[in-house]
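Work through the exercises below with the sequence and the structure open. Try each task before reading its solution.

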Amino acid sequence: MDELKLANLESGLTQLVESAANCLKEDLVSVALFGSAAEDRLRLHSDVNVLFVLERFSQTAVDGFREALRFAMASLNAQAMFLLRSELPAVATLFAVKFNDIRVRHRVLYGPDVLSNLIIDERDLRRRLREELLNLTIRLRERYAVISLREEQLVSVIANSAGPLRASAAALMRLKAQEVSSPRDALEQLANQTGNTAYVQAVQTMSVARDVTFLQPGVAGPTVLQLSSLAEHLYKTLEENMQ
């Protein structure tokens with residue numbers, strides 16, 4: 001992201017956080033940026049994911065915050081998650097893959113860092129990772145079957161697969177006790193470890209789809225199928241490690 005866009009993002013986030021503090025007051029515990037924006041890897045069409053941790057969800061307080069939030073959604077492509085502090089242990093269990101990623105990739109914008117010390121139990125991470133990978137495998141097959149006659153529609157499917165695939169890869173690397181610098185690097189490393197050049201190419205193409213939202217004719221269909229096959233391979237790898 002260029003310096004002007006980055007400056008606009010930071011300015012917009014500052015305004016959003018100030019509005020949240022003014023409207024939510026003592027109910028607001030912490031605000032954190034997570035995902036690619038927290039790593040300065042934000043792309044033109046990327047979501048700006050913001051987590052608001054609250055003591056309670058007050059209708060009156062949130063009503064006062066709605067206008068600022070809608071403006072941020074329109075101007076920054078912001079996506080908000082509202083979570084109660086008391087719910088942190090539950091989400092770490094029920095959404096272990098997602099919150100393992102958030103725990104590693106976030107930047108605190110307001111209040112204390114309540115995410116770095118989240119406890120992600122390996123049994124919960126393993127269980128949820130199995131679900132995520134199998135779901136990705138099945139869903140990508142379905143998307144290919146339904147919309148591959150309109151190949152251009154597959155580009156967004158490929159781009160939107162990056163988040164869950166990369167988070168799953170990071171979770172798998174954690175379970176294998178292997179250090180990686182980011183979820184993106186985790187997926188690239190796992191693809192390389194397979195020795196399958198089609199998987200490596202599919203992961204690279206996925207990054208292109210996220211960057212430019214366009215792929216050359218004849219590329220999107222095979223890429224969706226290879227990403228589905230890669231998710232299946234990672235699922236089988238996890239199953240083997242569980243035996």
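The exercises cover a helix, the strands around it and a group of aromatic rings.

The model is predicted: local features need pLDDT of at least 70, side-chain atom pairs count only at pLDDT 80 or more, and totals for chains, interfaces and linings use all residues. Residues are numbered from 1 along each chain as its sequence is written, and side-chain values use heavy atoms, with hydrogens and water left out.

**Exercise 1.** Describe the length, bend and buried residues of helix H2 (residues 59–76).

Solution. Helices (H or I, at least four residues) and strands (E, at least two) are DSSP runs, numbered from the N terminus.
- Step 1: the 18 residues of H2 reach 24 Å from first C-alpha to last, close to the expected 26 Å; the expected span is 1.5 Å times one less than the number of residues.
- Step 2: at Arg66, H2 bends by about 40 degrees, the angle between axes fitted to the seven residues ending there and the seven starting there.
- Step 3: Ala61, Val62, Phe65, Leu69, Ala72 and Leu76 of H2 are buried. Buried means under 20% relative accessible area, exposed over 50%, partly exposed in between (1.4 Å probe, protein chains only).
- Step 4: Asn77, just after H2, has a positive phi of about 60 degrees.

**Exercise 2.** Find how strand S2 (residues 48–54) is covered and how S2 pairs with strand S3 (residues 78–84).

Solution. Two strands pair if DSSP finds at least two bridges between them.
- Step 1: six of the seven residues of S2 are buried.
- Step 2: strand S1 (residues 28–34) pairs with S2 in the antiparallel sense over six bridges, and Leu33 stands opposite Val50.
- Step 3: S2 and S3 pair in the parallel sense over seven bridges, with Val50 opposite Ala80.

**Exercise 3.** Which residues form the aromatic cluster, and how do their rings pair?

Solution. Rings of Phe, Tyr and Trp (its six-membered ring) pair if their centres lie within 6.5 Å; planes under 30 degrees apart count as stacked, over 60 as edge-to-face and the rest as tilted.
- Step 1: the rule gives four aromatic pairs.
- Step 2: Phe57 and Phe82 are edge-to-face, 5.7 Å centre to centre with 80 degrees between the planes. Phe57 is in the loop between S2 and H2 and Phe82 is in S3, so this pair ties together parts 25 residues apart in sequence.
- Step 3: Phe65 and Phe82 are also edge-to-face, at 6.5 Å and 85 degrees.
- Step 4: Phe52, Phe57, Phe65 and Phe82 form one cluster.
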